[in-house]
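Student: I would like to learn how to read a structure, feature by feature. Could you take me through this one slowly?

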Amino acid sequence: MKKKTVVAAALTAAMTMPMSLTAFASEATEVTIDQITLGEDYTDVEAELKFLTHKTDVVDTKFQEYIAEFQKMYPNISIEYEGITDYANDVTMRLSTGDWGDICMIPTTVSKADLGDYFLSLGDTATLEETYTLLDNFSFDGKTYGIPSMANIQGVVYNKAVFEAAGVTEIPKTPDEFLDALQKIKDNTDAIPLYTNFAAGWTMSAWDAYIDGCATGDPSFGNTGLDKGENPFSDRGDQTGPYAVYNTLYEAVSRGLTEDDPTTTDWEGSKGMFNNGEIGCMVLGSWALPQMQQAGENGDDIAYMPFPISIDGIQYATEGPDYNYGINVNSSADEQIAAMCYIKFLVEQSGFAESEGGVDCLVDAEFPEALAAFQSDTVKIIVNDPAPEGEETLHTDINNESELGLNVSGKLATEVVENAITGGLTMTELADEWNAAWTEAQAEYGITH
């Protein structure tokens, strides 16, 4: 057993911290998460941890069960969860103070180059990749600052009973087939064919997750086709690519295949509606599957299908990280050790991923039965390639400069819904605007065509 009090080193990162953070800088541990054996190391460490989470629905239930199980090994570590509704915005603001707690789900607003200013390095990326998967999002310069809570599969959650009642007998494989299925739901049932959950805001950014591997079948598209490609939002003419994703939403809204007034959607209420057969489908990651299944008595009706885009007869689903666990670089050494132990428990032993409709981010993790439809001859799961060495921040830089907010703000899907409702800009005109902004941003960072 290692000693309770960890030998600490001076925090060298304090030299590069913003002024608002240096006042909170403390000693940091040199221990890495891969060096810890749960239930054997640091079992007498004492700490009180504050954990910021977006999962407001299970703070008082599931998370309390995890704490109780964890404390069987670490009885002197207490964890207090704080659930935050407007998570990304609130936590982004709080990070700048340095005094926000000990563990959080890292918001996507944090640039890779700034990770060390806010979060503790959990170890060398090359070493951690022997145990954990999908580390790229929050790794920089050979160090990893966040470990995914789980992996999501990108697809569409749907109500089988609604589709069957509408006369839809096969899973749609193209945007046209999908829109035809939605029309059948509208014509033959009382259900809302596609529920956008527009009013929630964050749900609009979900659409951005489908524009790379899902829409192209190319795991390198994010780097080559989007960050360095010419006019990546243009219509390819074959119902693939980013245009096809957003146009599917545009057409669904303009044809009246979504809720009557998107500004009045209700995220929490939609779960029960979905379970009761009042909604046909939603475009959300696999994490949404158990939430819809558990929202009523008809859980067996809820299933998950690939996004309706095919390339040479194959549908592609990207496997990508959900929110990552990060540890405050300003927490004390004991708090950091305790936090690493708890994160390691959550990732490796809690069962959180499967319970949330995801896949464990562990090498050789088994695929859950609920996602069996994604293991077939006509569906392939791919992982988007990480950024090339030396270009780790290129996407973030272009994304920020363009102000398109991919995977951050939901700006593009929001504009799609707004213009489809009002009859404003056409989908082609929207794509032209996005291309112009993206091209200008690319030029700022040396990408020319």
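**Reading a predicted model**

Tutor: Let us begin at the end of a helix: Gly-423 comes just after helix 16, and its phi is positive, near 75°. Helices (H or I, at least four residues) and strands (E, at least two) are DSSP runs, numbered from the N terminus. This is a predicted model, in which local features need pLDDT of at least 70 and side-chain atom pairs count only at pLDDT 80 or more, while totals for chains, interfaces and linings use all residues. Residues are numbered from 1 along each chain as its sequence is written, and side-chain values use heavy atoms, leaving out hydrogens and water.

Student: What does the pLDDT say about the protein chain?

Tutor: The pLDDT is the predictor's confidence in each residue, from 0 to 100. The protein chain averages 91, and 94% of the residues score at least 70. Over residues 1–26, however, the pLDDT is below 50, and this stretch has 59 contacts (heavy atoms within 4.5 Å) beyond near neighbours in sequence.

Student: How far apart are the end C-alpha atoms of helix 16?

Tutor: The expected span of a helix is 1.5 Å times one less than its number of residues. For the twelve residues of helix 16 (residues 411–422) that gives 16 Å, and the end C-alpha atoms are 17 Å apart, which agrees.

Student: Which residues of helix 16 are buried?

Tutor: Buried means under 20% relative accessible area, exposed over 50%, and partly exposed in between, with a 1.4 Å probe and protein chains only. Among the buried residues of helix 16 are Leu-412, Val-416 and Ala-420, and the buried residues of this helix pack against helix 10 (241–254) and helix 17 (427–444).

Student: Which way do the residues of strand 17 point?

Tutor: In a regular strand the side chains alternate between the two faces of the sheet. In strand 17 (residues 324–327), Asn-324 and Gly-326 point one way, Tyr-325 and Ile-327 point the other way, and all are buried.

Student: Which strands run antiparallel to strand 17?

Tutor: Two strands pair if DSSP finds at least two bridges between them. Strand 5 (residues 103–106) is joined to strand 17 by four bridges, with Ile-103 partnering Ile-327. Strand 9 (residues 147–148) is joined to strand 17 by two bridges, and there Ile-147 stands opposite Tyr-325.

Student: How many disulfides does the structure hold?

Tutor: A disulfide is a pair of cysteine sulfur atoms within 2.5 Å, and the structure holds zero. Cys-341 is in no disulfide, as the nearest cysteine sulfur, that of Cys-104, is 18 Å away.

Student: Why does Cys-361 form no bond with Cys-214?

Tutor: Cys-214 holds the closest cysteine sulfur to that of Cys-361, but the two are 16 Å apart, which is too far for a bond.
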